[in-house]
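Visitor: Could you choose one part of this model, give me a close look at it, and then walk me outwards from there?

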Amino acid sequence: MNWRYAMTLDFENFSVEIDAEATRQAYESLPRTGEKCGCVGCRNFALAIGDGLGEGGRRFFASVGIDDPAQAIGLSVYFTQKDGTLCYGAWYHLFGRIERRVDTVPDVTTAEWGEASVLHVGSRLDVSFRDGDGIIGRDAAFRDAAIVQMDLYADVPWVLDEPNPYLDE
């Protein structure tokens, strides 16, 4: 593949090179999450994630080649926050590679290292990256090219006009 890295994301323990245009082309053929799965968690995510990301989050997604953040390869609802928002984990595949990775840092706690491996995109949105065996469910749109998985952790409001089954009663 002819790499056209449109961007490099540098943060303390990682450097990720991304071909945003190739990623954008792949996502043209992918369905929205709510079209792949009819569960309430996926349907809510598809409706709420755009507004839930805020303007900065939507710009970030577009910059890495994902114009519709509701096109997650997969997702899960982890828990409900005290304010009623749902903590979602979702993953997206991007053409690219992890250029630099620091696996261990001497004299740093696990929590500190973990914090340094996360990119804070907004007040309620974090992303991290993985490659190799850590990639979950490669979609055919990405063929056998080098890809990275972008993991999203976001607090998203409940917007469906039906009861939220994730609330503790």
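Guide: A polar contact here is a pair of N or O atoms within 3.5 Å; within protein, one has to be able to donate a hydrogen and the other to accept it, and residues adjacent in sequence count only if both atoms are side-chain atoms. The model is predicted, with local features needing pLDDT of at least 70 and side-chain atom pairs pLDDT 80 or more, while totals for chains, interfaces and linings use all residues. Numbering runs from 1 along each chain as its sequence is written, and side-chain values use heavy atoms, with hydrogens and water left out.

Let's start at Asn 44. This residue belongs to helix α3, residues 40–63 (helices are DSSP H or I runs of at least four residues, strands E runs of at least two, numbered from the N terminus). Asn 44 has a relative accessible area of 0%, so it counts as buried (under 20%, 1.4 Å probe, protein chains only). A polar atom of the Asn 44 side chain lies 2.7 Å from the backbone nitrogen of Val 159. The backbone nitrogen of Leu 160 is 3.4 Å from a polar atom of that Asn 44 side chain. Setting aside neighbours within four places in sequence, Asn 44 is in contact (heavy atoms within 4.5 Å) with Val 156, Pro 157, Trp 158, Val 159 and Leu 160, and also with Leu 86 and Tyr 88.

Tyr 88 takes us one step along. Phe 45 and Tyr 88 make a tilted aromatic pair, 5.0 Å centre to centre with 55 degrees between the planes (ring centres of Phe, Tyr or Trp, using its six-membered ring, within 6.5 Å; under 30 degrees is stacked, over 60 edge-to-face, the rest tilted). That pair joins helix α3 to strand β4 across 43 residues, and both Phe 45 and Tyr 88 are buried. Phe 95 and Phe 142 have ring centres 5.1 Å apart and planes at 45 degrees, so this pair is tilted too. Phe 95 sits in β4 and Phe 142 in the loop between β6 and β7, so parts 47 residues apart in sequence are tied together. Phe 95 and Phe 142 are both buried, and ring pairs link them with Tyr 27 into a cluster. In total, the whole structure has six aromatic pairs. While you're in the β6–β7 loop, look at Arg 143: its phi is near 45 degrees, positive in a residue other than glycine.

Now the wider setting. The largest nonpolar core (buried Ala, Val, Leu, Ile, Met, Phe, Trp, Tyr and Cys joined through side-chain atoms within 4.5 Å) holds 50 residues, and Tyr 92, Phe 129 and Met 150 have the most contacts inside it. Our helix α3 gives the most to this core, nine residues. Beyond four places in sequence, Phe 129 touches Phe 14, Val 16 and Ile 18, among others. Those three point one way from β2, with Ser 15 and Glu 17 pointing the other way, and all of them are buried. β1 (residues 7–11) runs antiparallel to β2, joined by five bridges (strand pairing takes at least two DSSP bridges), and Leu 9 stands opposite Val 16.

Zooming out, the protein has four helices and seven strands, in the order β-β-α-α-α-β-β-α-β-β-β. Of its 169 residues, 46% are buried. Among contacts with a separation of 6 or more, 69% join residues 24 or more positions apart.
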